[in-house]
Amino acid sequence: MKKTTRILALVLALVMCLALCACGEKKTNGTDDAAETSDLAYVQDKGTLVVGITDFAPMDYKDENGDWIGFDAELATKFAESIGVEIQFTEIVWDNKIMEIDGKSIDCAWNGMTLTDEVRNSLECSTPYCTNAQVVVVSKDVADQYQTKESLEGLKLAVESGSAGEEAVLALGNDYTAVETQADALMEVAAGTSDACIIDLLMAGAMIGEGTSYPDLVYTVSLTEEEYGVGFRKGSDLAAKFNEFFAAAVADGSALELATKYGVQEALIQD
């Protein structure tokens with residue numbers, strides 16, 4: 001009788017151990033599954049939203065202390081706060097943004113990103129939040145010669161690699177130099193190593209003309225009209241979360257206030 005009791009006690013202990021292990025495994029797997037199926041949960045679990053950017057005023061650029069500021073930079077910071085995480089900005093080669101997101105070295109691309117077909121097909125994109133255009137920038141002293149698309153024939157252009165500007169120059173068929181940033185494209189024109197460049201209208205408004213770093217440059221031809229959005233991993237629930245956040249920011253006026261601070265209020269989409 002005592003032997004049978006001991007055996008029964010051992011069996012019960014074994015069953016309890018197996019049950020506890022199973023519960024622990026289920027709990028662990030549940031957490032892993034949540035992280036795998038929810039990008040929001042993944043970001044909240046690690047505590048940071050890593051944003052891929054380039055130096056692109058007035059959306060993302062550094063102040064005198066070396067801190068990232070700009071319309072997108074502040075909007076991204078406020079979004080990170082709304083989901084309870086810290087913000088981390090990482091400069092990337094813009095042409096590599098999709099690979100960087102897929103590899104999880106960044107969580108999103110948020111840098112005045114034009115919603116091209118490639119971007120929409122490869123990433124989970126937010127609803128558009130700003131309008132924009134691609135414009136041709138030339139030296140002021142020759143601007144009157146380049147007022148139409150046809151007049152651009154034969155010009156050597158500079159564009160940011162992987163940008164909407166590169167798509168625009170490919171459509172034109174001109175020879176071009178691909179550089180890392182739109183700021184580099186402006187430097188090409190200022191240095192005379194390219195005849196003109198194609199950059200975003202919002203950047204042109206902030207970076208060229210009287211009172212800027214490039215007072216002798218102007219923009220002439222507008223090549224495309226486009227929209228900006230934020231790009232997350234394909235299937236990411238962060239896109240819907242941003243849409244909710246931005247709709248609320250438009251409704252309470254904080255989005256317009258921020259846009260006005262950086263001079264992009266005319267481009268803000270408030271529908």
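This report covers the fold, the cores, the salt bridges, the largest pocket and a few single residues of one protein chain.

**Overall picture**

The model is predicted. The protein chain holds 10 helices and 11 strands. Its length is 271 residues, and 45% of them count as buried. Take the contacts between residues at least 6 apart in sequence: 69% of these join residues at least 24 apart.

**Nonpolar cores**

The largest nonpolar core contains 57 residues. Leu49, Phe71, Trp110, Tyr129, Leu186, Ile199 and Phe242 have the most contacts inside it. Helix α9, residues 238-251, gives the most to this core, with seven residues. There is also a second, separate core of 14 residues. Val136, Val138, Val169 and Ala196 are among its members.

Leu49 has a broad list of partners. Not counting residues up to four places away in sequence, Leu49 touches Val43, Phe79, Ala80, Val85, Glu86, Ile87, Gln88, Asp107, Cys108 and Leu238.

Val50 is found in strand β1, residues 48-53. Its relative accessibility is 8%, so Val50 counts as buried; the cut-off is under 20%. Leaving aside neighbours within four places in sequence, Val50 is in contact with Gln88, Thr90, Ser105, Ile106, Asp107 and Cys108. Val50 and Ile106 are 56 residues apart in sequence, while their C-alpha atoms are 4.9 Å apart in space.

**Salt bridges**

Side chains of opposite charge can pair when their charged atoms come close. The model has four salt bridges. Three of them are set out below.

| Pair | Closest N to O distance |
|---|---|
| Arg233 and Asp39 | 3.3 Å |
| Lys46 and Asp107 | 2.7 Å |
| Asp107 and Arg233 | 2.8 Å |

These pairs share residues. Asp39, Lys46, Asp107 and Arg233 are linked in a network of salt bridges.

Start with the salt bridge between Arg233 and Asp39. Arg233 sits in the loop between β11 (217-232) and α9, and Asp39 sits in helix α2 (residues 39-46), so this pair ties together parts 194 residues apart in sequence. Both Arg233 and Asp39 are buried. For Arg233, the relative accessibility is 8%.

Next comes the salt bridge between Lys46 and Asp107. Lys46 belongs to helix α2 and Asp107 to the loop between α4 and β5, so the pair ties together parts that are 61 residues apart in sequence. How exposed is Lys46? Lys46 counts as partly exposed, at 31% relative accessibility. Asp107 counts as buried, at 1%.

The third pair is Asp107 with Arg233. This pair links distant parts of the chain, 126 residues apart: Asp107 is in the loop between α4 and β5, and Arg233 is in the loop between β11 and α9.

**A buried acid without a partner**

Asp72 is placed in helix α3, residues 71-82. Asp72 is buried yet has no salt bridge. Which side chain of opposite charge is nearest to Asp72? That side chain is Lys97, 13 Å away. A salt bridge needs the nitrogen and oxygen within 4 Å, so a pair 13 Å apart does not qualify. Leaving aside neighbours within four places in sequence, Asp72 is in contact with Met59, Asp60, Trp110, Asn111, Gly112 and Tyr129. Two of these contacts, Trp110 and Tyr129, are named among the residues with the most contacts inside the largest core.

**The largest pocket**

The largest pocket holds about 250 Å³ of space. It is lined by 22 residues. Trp94, Lys97, Gly162, Ser163 and Ala164 are the closest to its centre. Four elements each supply at least two residues of the lining: α4 (97-102), β5 (108-114), α5 (117-122) and α6 (164-172).

**Asn243 in helix α9**

Asn243 is found in helix α9. Asn243 is partly exposed, with a relative accessible area of 23%. Not counting residues up to four places away in sequence, Asn243 touches Ser126 and Thr127. Asn243 and Pro128 are 115 residues apart in sequence, with their C-alpha atoms 9.1 Å apart in space.

Key:
Residues numbered from 1 in each chain as written. Predicted model: local features only at pLDDT ≥ 70, side-chain atom pairs only at ≥ 80, totals over all residues. Heavy atoms only, no water. Buried < 20%, exposed > 50% of the residue type's maximum accessible area, 1.4 Å probe, protein only. Lys, Arg positive; Asp, Glu negative; His and termini not counted. Contact = heavy atoms within 4.5 Å. Core = buried A, V, L, I, M, F, W, Y, C linked by side-chain atoms within 4.5 Å. 1 Å grid on protein atoms, 1.4 Å probe; cavity = no way out; pocket = protein on both sides within 12 Å on 5 of 7 lines; lining within 4 Å. Points joined across faces, edges and corners; volume = space filled by probe spheres on them.
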